[in-house]
Amino acid sequence: MHEWALAEAIISAVSQIAERGNLRAIKEVTLRIGELQQIDREILKFALSQMASGKLAGVKFRMKLVRARFKCRVCGHKWTFNENSPPNHIKEAIHFIPEVAYAHLRCPRCSSPDFEISGGRGIWISSVRGVK
Amino acid sequence: MLDPRLSIIEDRLSNIERTIVVSSGKGGVGKSIITSTIALILAREGFKVGLLDLDFTSPTTHIALGVSAEKIQPIEDRGIVPPEVHGIKYMSLIFYLGDKAAPLRGNEISNALLEVLAITRWGKLDFLLVDMPPGIGDLMLDVLKYFKRANFLIITSSSKMAFETVRKLLLLLRGLGAEIMGVIENIKLDDSTYIRREVNALGEKFLGEIHFDENLEEAIGSVEKLLKTKFADEVRSILWELLKT
C-alpha cells in the first residue's frame, strides 16, 4: 500500500477505535509493518503526523518491522525476502499489491509459485493506548 | 491485531453513485467484453465511469479496451489514481503483473482485493463497472461484503450447462439479499426461449439477448470498431432499457 493511503487507513482505523472505546485522546499506537510492502517508514511517519488531529493530536506512533518470510508448499523450503530480493520493477509492483509476488517470485529451491507468505505481508495495528 | 485497510474501503467507494457487478459464475460467456462495452457506452454518453477488473488470475478487459500496461500506468498520489482510458478510469492487476500468470489461492485473492480497494482512489463516479472472474467463491463473497449497495448484472450464454451455474448464482445472490438487475443472454445462436423461460420462472428479470456477432472478434482492441458492431448495438439497447428502470 502506498504510504499516504496507508496513513489514511491507519488514522481512520484508530479514530474508529477512539470513538468505539469512548476515548478522550489517543496517546500511542503500535504498528507492525511487513517488510514485503517495502514501506518507507519516514514517509509514513510524516504522513501520519500530518493527518493526526482531534483525539489523535500528538499521538506517538511506534513501528516494528516484521521480516517477510516465505515457505514453499511443495518442497517445504523457507526463505526471506532479503535473501532473494527481486529486481526493482518487481519490487515496486509488490509494493503496491503484495499478492503479485505470486506471479513474480518462485521458490528458490524447486521453482514452484505455490508458496505461502508466512510473515511480513501487511500492516497491522497491534496496540492502541488512550485515555478515557 | 487490526488490519487498517478495512477502515478505509467505505470511504474510498463513497463517491460512487452506482456500482454494477457483472457476473456469471461461468466462464466464457462474454462478461469482460460486455463490461468493457457498457463502460465505453456510458463514458461516451458523458457519464463518469470506472472499470475495475477483478479477474486477478486472468484479466482481459485491457484487451477489449486496447490498453497496454507498458504504455499506461496508474498515477501515485496518496494511493493509486486509475489511469483514464477512453474516458474510463481503469484499474486492473495487469498493471502489476505484466504478462505473468498470478496463481492465487482463496485467501490471497481476498487480500489482493482488499489491497486494491484500499489504495485505489476513484474519486467521483456515476458508474463503477466491476468485471468478475468465473466462479462462485471467495471473491464473490468479498464483493458482497465490501460493495454493500452493488447491483448485480448477470450474464449467461444460451447453454443449459452455463445456465445451471447461473441459476445457482442467482439463488445465492437472492438468498443474500443482493440487488439483481437481471440476466442477459449472450452469444445467442438460435431462437430458443429456454433461458428466457428459466429466468422468468426464477422470478428474475430477463433483460435481453445479444446475438453471436461474427465481426466482434476482429473489433476487439479497437474501441471505435467495437462500438460500431451489432454486438455493441444490442448491448446499448439493453443498457438504455435497463437504466430507464
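I take a nonpolar core to be a set of buried Ala, Val, Leu, Ile, Met, Phe, Trp, Tyr and Cys residues joined through C-beta atoms within 7 Å. The model I examined is predicted.

**Entry 1. The core**

I looked up the largest nonpolar core and found 115 residues in it. A:Ile10, A:Val100, B:Val21, B:Leu93, B:Leu129 and B:Val130 touch the most other members. I then asked which element supplies the largest share of this core. Helix H1 of chain A, residues 3–20, does so with 9 residues. As background I noted that nonpolar side chains tend to be buried together in soluble globular proteins.

I followed B:Val21 further, leaving aside its neighbours within four places in sequence. B:Val21 is in contact with B:Val130, B:Met132, B:Val143, B:Phe147, B:Ala150, B:Phe152 and B:Leu153.

**Entry 2. Chain A overall**

I recorded 4 helices and 6 strands for chain A. Read from the N terminus, the order of elements is α-β-α-β-β-β-α-α-β-β. Along the principal axes, the C-alpha atoms of chain A fill a box of roughly 55 × 25 × 20 Å. Chain A has 132 residues, of which 37% count as buried. I also checked contacts in chain A between residues at least 6 apart in sequence, and 82% of these join residues at least 24 apart.

**Entry 3. The contact between the chains**

I counted 26 residues from chain A and 27 residues from chain B in the contact. On the chain B side, helix H4 (94–97) and helix H5 (106–119) each supply at least two residues. H5(B) gives the most to that side, with 7 residues. By class, the side of chain B that touches chain A holds 16 nonpolar, 8 charged and 3 polar residues.

I turned next to helix H3 of chain A, residues 88–96, where A:Ala93, A:Ile94 and A:Phe96 are buried. The buried residues of H3(A) fall within an arc of 160 degrees when seen down the axis, so they line one face of the helix. What do the buried residues of H3(A) pack against? They pack against helix H4 (101–104) of chain A, together with strand S4 (80–81), H4 and H5 of chain B.

**Entry 4. Helix H7 of chain B**

I checked the span of H7(B), residues 160–175. Its 16 residues reach 22 Å from the first C-alpha to the last, close to the 22 Å expected at 1.5 Å a residue. I then listed the buried residues of H7(B), namely B:Ala162, B:Phe163, B:Val166, B:Leu169, B:Leu170 and B:Leu173. They lie on the same side of H7(B) because they cover an arc of only 115 degrees around the axis. On the other side of H7(B), I found B:Met161, B:Leu171 and B:Gly175 exposed. The cover over the buried residues of H7(B) includes strands S1 (16–23), S8 (151–157) and S9 (179–188) and helix H8 (194–201) of chain B. Just after H7(B), B:Gly177 takes a positive phi of about 75 degrees.

**Entry 5. Strand S2 of chain B**

I found S2(B), residues 49–53, mostly covered, with 5 of its 5 residues buried. B:Val49, B:Leu51 and B:Asp53 point one way from S2(B), while B:Gly50 and B:Leu52 point the other way. In a regular strand, the side chains alternate between the two faces of the sheet.

I then looked up the partners of S2(B). S2(B) pairs in the parallel sense with strand S6 (residues 88–92) of chain B over 5 bridges. In S6(B), B:Tyr90 is the bridge partner of B:Leu51. S2(B) also pairs in the parallel sense with strand S7 (residues 125–131) of chain B, over 5 bridges. In S7(B), the bridge partner of B:Val49 is B:Phe127.

Terms used:
Residues numbered from 1 in each chain as written. Chains lettered and ligands numbered in written order. Predicted model: local features only at pLDDT ≥ 70, side-chain atom pairs only at ≥ 80, totals over all residues. Contact = placed C-beta atoms within 7 Å. Nonpolar A, V, L, I, M, F, W, Y, C, P; charged D, E, K, R; others polar. Expected span 1.5 Å × (residues − 1). Buried ≥ 20, exposed ≤ 12 C-beta atoms within 10 Å, placed from the backbone. Arc of directions from axis to C-beta. Pairing = 2+ DSSP bridges.
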